[in-house]
Amino acid sequence: RMLSILAARARELGATLHFGSGHEPGKVPDADLVVACDGIGSGLRQSHESAFAAQAAVGRNKFIWLGTGKVFGSFTYALRQIPAGWIWFHGYPHSPAMSTCVVECPPETWTALGFDTMPIAACVARLGEIFAISLDGHALDAGTSSWQNFTTITNRHWHHRNMVLAGDAAHTAHFS
């Protein structure tokens, strides 16, 4: 909704907008302003890494981004201490019929649960058991998700020539 409002205002002021424009690596599109909001793996940022003075720091904990049919009324935080260690999730409504559920744990817990060798479907089933009370019996769905370590992206400069970084291309914010 916000993007639609900003785009409408830009058009009122005479701007011509292009979304999702591809580009050759290292070549900046010919435009007055290029807003690089192409995510944590921003090609434009990486092509001009020295100008942006980008840095990436990989976090210690493991996480996986899941969905569930349990619709949380608001942001929900569930923390469990199990024999393998601490594990928690951050849940929030995504649509009227679904919520996002990001599960996170230290690497020691992840390994003790066997998640380092277990197929994703088995991990998700086990997570459903661990968080059954918070999920009110609803299943978790991994879609195409996999276990990852959160990467924090920072940039000394958020602009270079006619380029501006926005969103995860400029800086990442932990999901909690």
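**Note on a predicted model: backbone, rings, pocket and charges**

1. A53 counts as buried, since its relative accessibility is 18% and the limit for that class is under 20%. The model under review is a predicted one. A53 is placed in the loop between α3 and β2. Its backbone deserves attention: A53 is not a glycine, yet its phi is positive, at about 55°. As background, most residues other than glycine have a negative phi.

2. R161 is a further residue other than glycine with a positive phi, here near 50°. R161 is found in the loop between β8 (159-160) and β9 (163-165). Is R161 buried or exposed? R161 is exposed, because its relative accessible area is 71% and the exposed class begins over 50%.

3. A contact across the sequence involves H48, which sits in the loop between α2 (43-47) and α3 (49-52). H48 and H160 are 112 residues apart along the chain, yet 8.3 Å separates their C-alpha atoms. H48 has a relative accessible area of 11% and is therefore buried.

4. How many aromatic pairs does the structure hold? There are six aromatic pairs. In one of them, F63 and W65, the ring centres are 6.3 Å apart and the planes stand at 75°, so this pair is edge-to-face; the angle required for that class is over 60 degrees. The partners differ in burial class: F63 is buried at 6% relative accessibility, whereas W65, with a relative accessible area of 36%, is partly exposed.

5. F72 and F89 make another pair, with ring centres 5.7 Å apart; because their planes are at 40°, the pair is tilted. F72 belongs to the loop between β2 (54-68) and β3 (76-82) and F89 to strand β4 (residues 85-95), so the pair ties together parts that are 17 residues apart in sequence. Both F72 and F89 are buried.

6. F63 and W65 also belong, together with F150, to one aromatic cluster. Another ring contact involves a charged side chain: K62 lies over the face of W110, at a distance of 4.4 Å from the ring centre.

7. The second largest pocket has a volume of about 260 Å³. Its lining includes the cluster residues F63, W65 and F150. The other lining residues are I40, Q148, N149, T151, D168, T172, A173, H174 and F175. Two elements, β2 and β7 (148-155), give two or more residues to this lining. Which element gives the most to the lining of the second largest pocket? That element is β7, with four residues. Sorted by class, the lining of this pocket has six nonpolar, five polar and one charged residues.

8. The structure holds four salt bridges. In general, side chains of opposite charge can pair when their charged atoms come close. One of the four joins E12 and R9, whose closest N and O atoms are 3.0 Å apart. E12 and R9 are three residues apart in helix α1 (residues 2-12), so about one helical turn separates them. E12 is exposed, at 60% relative accessibility, while R9 is partly exposed, at 44%.

9. A second salt bridge is formed by R60 and E108, with 2.1 Å between the closest N and O atoms. This pair links distant parts of the chain, R60 being in strand β2 and E108 in helix α4 (residues 107-112), 48 residues apart. E108 counts as partly exposed, because its relative accessibility is 46%.

10. K70 forms a salt bridge with D136, the closest N and O atoms being separated by 2.5 Å. Here too the pair links distant parts of the chain, 66 residues apart: K70 is in the loop between β2 and β3, and D136 in the loop between α6 (132-135) and β6 (140-141). What is the burial class of K70? K70 is buried, because its relative accessible area is 17%, and under 20% is the limit that applies.

Methods. Residues are numbered from 1 along each chain as its sequence is written. This is a predicted model: local features need pLDDT of at least 70, side-chain atom pairs count only at pLDDT 80 or more; totals for chains, interfaces and linings use all residues. Side-chain values use heavy atoms; hydrogens and water are left out. Rings of Phe, Tyr and Trp (its six-membered ring) pair if their centres lie within 6.5 Å; planes under 30 degrees apart count as stacked, over 60 as edge-to-face and the rest as tilted. Buried means under 20% relative accessible area, exposed over 50%, partly exposed in between (1.4 Å probe, protein chains only). A charge sits over a ring if NZ of Lys or CZ of Arg is within 6 Å of the ring centre and within 35 degrees of the ring normal. On a 1 Å grid over the protein atoms alone, a cavity is a set of points where a 1.4 Å probe fits but cannot get out, and a pocket is an open set with protein on both sides within 12 Å along at least five of seven lines; lining residues have an atom within 4 Å of a point. Grid points are joined across faces, edges and corners, and a volume is the space filled by probe spheres set on the points. Ala, Val, Leu, Ile, Met, Phe, Trp, Tyr, Cys and Pro count as nonpolar, Asp, Glu, Lys and Arg as charged, and the others, Gly among them, as polar. A salt bridge is a side-chain nitrogen of Lys or Arg within 4 Å of a carboxyl oxygen of Asp or Glu.
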